[in-house]
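This report goes through selected packing and pairing features of one protein model. Sequence and coordinates come first.

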Amino acid sequence: MFSTRALAAVSARHPWRVLAAWGAVTLAAMVAVGALLGGSLTTEGAPTNNPESERADEARFAAFPPDPERAFSDIVVIRSEQHTVDSPQFEAFVRAFVAGAGVASLDVERSWFVTGDESLVSEDRHATIVPVALAEDDTETLVEGVEAVEDGAFAVSVTGDETLDHDFNLLSQEDLENGELKFGLPAALIVLLLVFGAVVAGLVPLLMAIVAIIVALGLSTVLAQYFELSVFLVNMLTGMGLALGIDYSLFVVSRYREERGQGRHELAAIEASGATASRAVLFSGSVFVIAMFGMLIVPNSIMRSLAVGAILVGIVSVVAALTLLPAVLGLLGDKVNGLRIPIVGRGSLQASNPEGRFWGAIVRRVLRRPGLSLALSVGLLLALALPVFRIDIGTGGVSTLPDRLVSKQGFVALERDFPATTTDPAEIVVSNASSAGVPEAIAELRSRLAADPRFGEGEVATSQDGEVVLVSVPVEGDASAPAAIGAVRELRTEVVPETFAGTDAEALVGGTSSENIDYFDSVIDPAPYVIAFVLLLTFVLL
C-alpha cells in the first residue's frame, strides 16, 4: 500500500538524488518553455460542441472562399481636425504612413484616394479608414507604427481582430506580472515570514511553488503542441501554483517544526510529518485535481485549458510536497528555522502551544458551542453566496479594455467617425437559397433589420451556384457587449426562424457576437452536471 511516511523517509535519506531529479525535470521544463511556448497558446475560446456559429462559418467559407483582395481583419482610422480628405496634405500623410508602416497588407490601393469608395470617408470628411488583412507577425509592427506617429495634425489608430488579440495577450502578460509576480509573491512571502517567524522557513514554500509552476508550465507547453490551449492557462497555472505550493508546504513544514519542538530527532520528525501532513496533502490534492477534471465536461476550449493548467500544477504540487520538500527538510534540518525574525520568530517555535493563542482561543470557543458556531458560519457563507443569483455573465471585449490600449483607441475612433463600419458583423448564411419562397424571405429579413436601430445597412452576396446567400449586417457597438449579444440572440432565436419558417432554407447566424453566445451557453449549460460530478467524486474519495 502506498505510504506517504515511507516516501518522506526515503526522500529525506537521499536528498541529493531527489534534488538532482527535480533539478533535471525543472531544467527540461524551462528549456521546453523557452523553445516552444511562444505562439503555442491562443486567445480564442471556441466551443467544442459544433455550435451554430461554427456551422455558419463552415458554410460561409465553403460557399465563399476568402478573397485576398477584399478580406480584412483590422481597420486603420486616420483623422485630422485641420484637414479634410480632399486636401493634398491628408493624402500625402496617408501615403507616407502606409509606405512607412512596413506591413505588406497595408496598401494605399485599398484607400479612398485610389478606390474613390465614399464608405471609406467619414461624414465630416475629416477621417478615412484603410482596411488591412493583418498577419499575426505584422500586428506588432503596425501597432508600433501607429504609436510612433508624431504629426500633431493627424491622429492614427487601429482596431480589429488581430490588434484585439494582441492587446488581450499584452494585458494577460501585464496581469500576470502585476498580480501574481509583483503583488502575489511579495504578499505571500510577508505572510509566510509572519507565520514561521524565520526567513528560511518562509522561503521554502515559495521555492516549492516556483518549482511546481515551472514544471507544470513545461508540461502544458508540450501539450500545447498537440491540443489548442488558451493563453489564460498561464494565469490559472501561476495563481493556483502559488496557492497550492505554499499551502501544501505550509502543512508539512509546520508539522515538522512542531515535531522537532516536541523532541523528535530530525528524520523521525520528517517521517511523522509524512505520515500526517503529507497524507492530508495527498488527499487534498487528489480532491482538487478531481474537481478540476469536472471542468473538462464544459465543451469550451478556454475552460478546458484552465482545467489542464490547474490539474497539471495540482499534480506537480502534490508530488513536490511528497518528495522534494522532505528532501529539502532532510538537508536543512533545524536550519529551516534560520534567520529568525525578532519577536515573531520566538513565539512561532513554542512547542507547548504551536497553534498560537489566537487560534487556540477560537477553537475552544467553537467547541464549547458547536451548534451556535455551525449556525453562524453557515449563515455567513450563505449570505456571501447570495450575489451569485444576480451575477451577470459576459466576456471581455474591446470596450472592456483599458483606454491606453491601441485596439480600444481604434474602436472609439471607428465608432465616432464610422458608426456603421465594423470588423465583426453578424453573418447570416442561407442555404437552399433558390428554393421557393427563400428570396422573398431574404428580402423580408433585410427589411426587418433595416428598421432595427441595433443593426446597420447590410450587404448581400450570392454564391456562384446561387444556392447560398450571405447577409452581412453590422451590429451596433462592441460585438462582445450585452447590447450586441442581446440583439444577435434575438436574431438567432426569433427573427431568423420566423422569417424563414415554411421554407426549405437553413439559415445560420455567425460572427463574433454569435460566437460569444455559443461561448456563454457552452459554459453555463453544463454547470449543474459539473457541480454534481465534483460533489459525487469528492464524496466518494473522502
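The text below covers a sheet, a second strand pair, two helix contacts and one loop residue. The model is predicted.

**The four-stranded sheet**

Strands S7, S8, S6 and S9 form an open antiparallel sheet in the order S7-S8-S6-S9. S7 (459–462) and S9 (506–510) are the edge strands; each has a single partner strand, so one side of each has no neighbour in the sheet. From one strand to the next, the twist averages 15 degrees. Helix H18 (residues 482–499) packs on this sheet and touches S6 and S9, its direction making about 175 degrees with that of S9.

The antiparallel pairings in this sheet are listed here, each with one pair of opposite residues.

| Strand pair | Bridges | Opposite residues |
|---|---|---|
| S7 and S8 | four bridges | Thr 462 and Val 469 |
| S6 and S8 | six bridges | Ile 428 and Val 471 |
| S6 and S9 | five bridges | Val 430 and Ala 507 |

How many of the six residues of S8 (residues 468–473) are buried? The count is six of six. In a regular strand, side chains alternate between the two faces of the sheet. In S8, Val 468, Leu 470 and Ser 472 lie on one side and Val 469, Val 471 and Val 473 on the other, and both faces are covered. The hairpin of S7 and S8 has five residues between the strands, and Gly 466 there takes a positive phi near 75 degrees.

**Strands S2 and S4**

Strand S2 (residues 74–79) runs antiparallel to S4, and six bridges join them. Within this pair, Val 77 stands opposite Ser 157 of S4. S4 (residues 155–160) is mostly covered, with five of its six residues buried.

**Helix contacts**

H2 (residues 15–36) and H8 (residues 199–223) have axes that come within 8 Å and cross at roughly 50 degrees. At that angle H2 is oblique to H8, because the value falls neither under 35 degrees nor in the range 65 to 115. The crossing of H2 with H8 is left-handed. On the H2 side, the contact is made by Trp 22, Val 25, Thr 26, Ala 29, Met 30, Ala 32, Val 33 and Leu 36; on the H8 side, by Val 211, Ile 214, Val 215, Leu 217, Gly 218 and Thr 221. The residues of this contact divide into eleven nonpolar, three polar and no charged.

H9 (residues 233–261) and H10 (residues 266–275) pack at about 135 degrees, with their axes 8 Å apart. H9 is therefore oblique to H10, and their crossing is right-handed. H9 contributes Val 252, Arg 255, Tyr 256, Glu 259 and Arg 260 to the contact, and H10 contributes Glu 266, Ala 269, Ile 270, Ala 272 and Ser 273. Here the residues divide into five nonpolar, one polar and four charged.

**Met 295**

Where in the chain does Met 295 lie? It is in the loop between helix H11 (277–293) and helix H12 (301–332). The residue has a relative accessibility of 13%, so it counts as buried, the cut-off being under 20%. Leaving out residues up to four places away in sequence, Met 295 touches Met 303, Arg 304, Leu 306, Ala 307 and Val 530. Val 523 is 228 residues from Met 295 along the chain, and the C-alpha atoms of the two are separated by 9.3 Å.

Methods
Residues are numbered from 1 along each chain as its sequence is written. This is a predicted model: local features need pLDDT of at least 70, side-chain atom pairs count only at pLDDT 80 or more; totals for chains, interfaces and linings use all residues. Side-chain values use heavy atoms; hydrogens and water are left out. Axes are lines fitted to C-alpha atoms, for helices over the stretch in contact, and angles run from 0 to 180 degrees between N-to-C directions. Helices (H or I, at least four residues) and strands (E, at least two) are DSSP runs, numbered from the N terminus. Angles under 35 degrees count as roughly parallel, over 145 as roughly antiparallel, 65 to 115 as roughly perpendicular and the rest as oblique. A crossing is left-handed if the near helix is turned anticlockwise from the far one by less than a right angle, and right-handed if clockwise. Contact means heavy atoms within 4.5 Å. Ala, Val, Leu, Ile, Met, Phe, Trp, Tyr, Cys and Pro count as nonpolar, Asp, Glu, Lys and Arg as charged, and the others, Gly among them, as polar. Two strands pair if DSSP finds at least two bridges between them. Buried means under 20% relative accessible area, exposed over 50%, partly exposed in between (1.4 Å probe, protein chains only).
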